[in-house]
Amino acid sequence: MASRHSSHIWISFTFLLLALVHGQCTIVGFYSASCPLVESIVRSTVQSHFRSDPTVAPGLLRMLFHDCFVQGCDASILISGSNTERTAVPNLSLRGYEVIDDAKTQLEAACPGIVSCADILALAARDSVVLTNGPSWVVPLGRRDGRVSLASDTANLPAFTDSVDMQKQKFSALGLNTLDLVALAGGHTIGTSACQSFKYRTYNFTKVGNGAMDPAFDPSFLPQLRALCPQNGDDSKRVALDTGSPNRFDTSYFTNLRNGRGILESDQMLWADTSTKTIVHHFSMGRSFNLAFVKSMIKMSNIGVKIGNAGEIRKICSKIN
C-alpha cells in the first residue's frame, strides 16, 4: 500500500516538473489568488456534461488539438461567425462548445474578466482524459484569448490521408517531435470518426485499385467495417476509432495499429513507417504511454501562447470583445 502511494506521489511530482519545464509563458497556479476555484469549476462542469453525454470527452480533447494547431492555443476555435475556424471542413464535427460556454458563464459570475477561454479549454481537455480513465497532470495557465479566427488558416491541420512524413512536417513546424506525434495520436483511443474519413479504404482503395481494400487492414476486420459503413450508407455515421475499448483511455489503440485495425489511414501508417513503428510497439506494450502523452500535451498546449496585449480575456468565448 505504501509503495503504491509513493508511486502516485512520484508520478504527480513528475507531471509537475514537466509542467514547469514546458510551461513557457504559462505557469502553474496562475489563478491561485485571482480565481482560486477555476479548476474545480471547470472540472465539475465537464463532469456534469460528461454524465449526460460521454462523447464530450473526446470532443474537448480534439478541440484543444485543433485550436493549438491554428494560431496557437488561443481559443480561436471557439469564435463563431462566417469564415471562422469552426466553419472549416476539418472542424465541422467538433463538439463540446456548450461545455466551454457553461464553464465560462460560471467563471464570469465567480471571477469576472479573469479566466481566459483558452485556459478553460486546456483544463477541460485534461479533465476529459481523466474522466475516461486516463492520466491527470498539472496544467500551466495564463493563456490569453486570440482576436483572429480564419477558416483559411486551418489548411495545415493534420489530415486523415497525411503520410507520416507530412504528419512529422506539420508537427515539427510547431515544435513537436516524432515522439509527440505518436503520443498525441494516442488520443484516438477515445472518440469516433465519420465513415467518410475511412470508407475509401474498405471498398475501392485507389492506391491499389480493382475495388480492393487497403492492404494495411487485417482482412478479418473488413466485414465489421463494411457492416458499420455500407458502400451506399450514411457517410456521416460515427464509428469508434478504438474498437477495443472506445470509451476508455488506454493503449489498445496502439495494439489495433499493430494488428492492422487502425481506422484512419494516417493512424495505420504509424505502424508501417520505420520512424514511428518502434514507438507504436513500445506504447502497445503498455510502456510509458501515459507519461509520454502528458509530456506531449503540455508541450502542445503551450504552442503560440498569447500574453499581454497580444490577447484578451473574452467575456463570451464565442465572441471577440
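Good morning. I shall begin with a single residue, Arg126, whose place is in helix H5. The model before you is a predicted one, and every value I quote is computed from it. Is Arg126 buried or exposed? With a relative accessible area of 4%, Arg126 is buried, since the cut-off for that term is under 20%. Leaving aside neighbours within four places in sequence, its contacts are Glu39, Arg43, Ser136, Trp137, Val138 and Val139.

From that residue I turn to the overall layout. The protein is divided into domain 1, covering 37-154, and domain 2, covering 164-301. Their C-alpha centres lie 23 Å apart. To the contact of the two, domain 1 contributes 19 residues and domain 2 contributes 19 residues.

Next, the nonpolar interior. In soluble globular proteins, nonpolar side chains tend to be buried together. Here the largest nonpolar core has 70 residues, and those with the most contacts inside it are Val42, Leu78, Phe293 and Met300. Helix H5, residues 117-131, supplies the largest share of this core, namely nine residues. Where does this core lie with respect to domain 1 and domain 2? Both domains give residues to it, and therefore it lies between them. Apart from this core there is another, of twelve residues, with Met213, Phe217, Cys229 and Val239 among them.

Phe293 deserves a closer look in the large core, being one of the residues with the most contacts there. When neighbours within four places in sequence are left aside, Phe293 is in contact with Leu61, Val129, Trp137, Ala183, Leu184, Gly187 and Phe249.

Two of those partners, Ala183 and Leu184, bring us to helix H7. Why is helix H7, residues 178-185, described as largely enclosed by the rest of the structure? The reason is that six of its eight residues are buried. The buried residues of H7 are Asp180, Leu181, Val182, Ala183, Leu184 and Ala185. What covers them includes H3, helix H6 (164-172), helix H10 (252-258), helix H11 (265-272), helix H12 (274-284) and helix H13 (289-300).

I now move to a pair of helices. Two packed helices are described by the angle between their axes and the distance between the axes. For helix H3, residues 56-68, and helix H4, residues 97-110, the axes come within 9 Å and cross at roughly 85°. That angle makes H3 roughly perpendicular to H4, because angles of 65 to 115 degrees are given that description. Which residues make the contact? From H3 they are Val56, Leu60 and Met63, and from H4 they are Tyr97, Glu98, Val99 and Ile100. By type, the residues of this contact divide into six nonpolar, no polar and one charged.

Glu98, a member of helix H4, is worth following further. It counts as partly exposed, at 40% relative accessibility. Beyond its neighbours within four places in sequence, Glu98 is in contact with His49 and Val56. To give a sense of scale, Glu98 and Gln268 are 170 residues apart in sequence, and their C-alpha atoms are 32 Å apart in space.

The loop between H3 and H4 also holds points of interest. Ser76 has its place there. At 0% relative accessibility, Ser76 counts as buried. Setting aside neighbours within four places in sequence, Ser76 is in contact with Asp67, Val70, Gln71, Glu85, Val148, Ser149 and Arg314. Between Ser76 and Arg261, which are 185 residues apart along the chain, the C-alpha separation is 34 Å.

Asn83 is found in the loop between H3 and H4 as well. Asn83, in contrast to buried Ser76, is exposed, with a relative accessible area of 57%.

My last topic is backbone geometry. Most residues other than glycine have a negative phi, and most peptide bonds are trans. Asn83, although not a glycine, has a positive phi of about 65°. Asn133, likewise not a glycine, has a positive phi of about 70°. Where is Asn133 found? Its location is the loop between H5 and H6. At 47% relative accessibility, Asn133 counts as partly exposed.

To close, I return to the central picture: domain 1 and domain 2 both give residues to the largest nonpolar core, and helix H5, with nine residues, gives the largest share. Thank you for your attention.

Note on methods:
Residues numbered from 1 in each chain as written. Predicted model: local features only at pLDDT ≥ 70, side-chain atom pairs only at ≥ 80, totals over all residues. Heavy atoms only, no water. Core = buried A, V, L, I, M, F, W, Y, C linked by side-chain atoms within 4.5 Å. Buried < 20%, exposed > 50% of the residue type's maximum accessible area, 1.4 Å probe, protein only. Helix = DSSP H or I, 4+ residues; strand = E, 2+ residues; numbered from the N terminus. Domains from an automatic or database assignment. Contact = heavy atoms within 4.5 Å. Axes fitted to C-alpha atoms, helices over the stretch in contact; angles between N-to-C directions. Parallel < 35°, antiparallel > 145°, perpendicular 65-115°, else oblique. Nonpolar A, V, L, I, M, F, W, Y, C, P; charged D, E, K, R; others polar.
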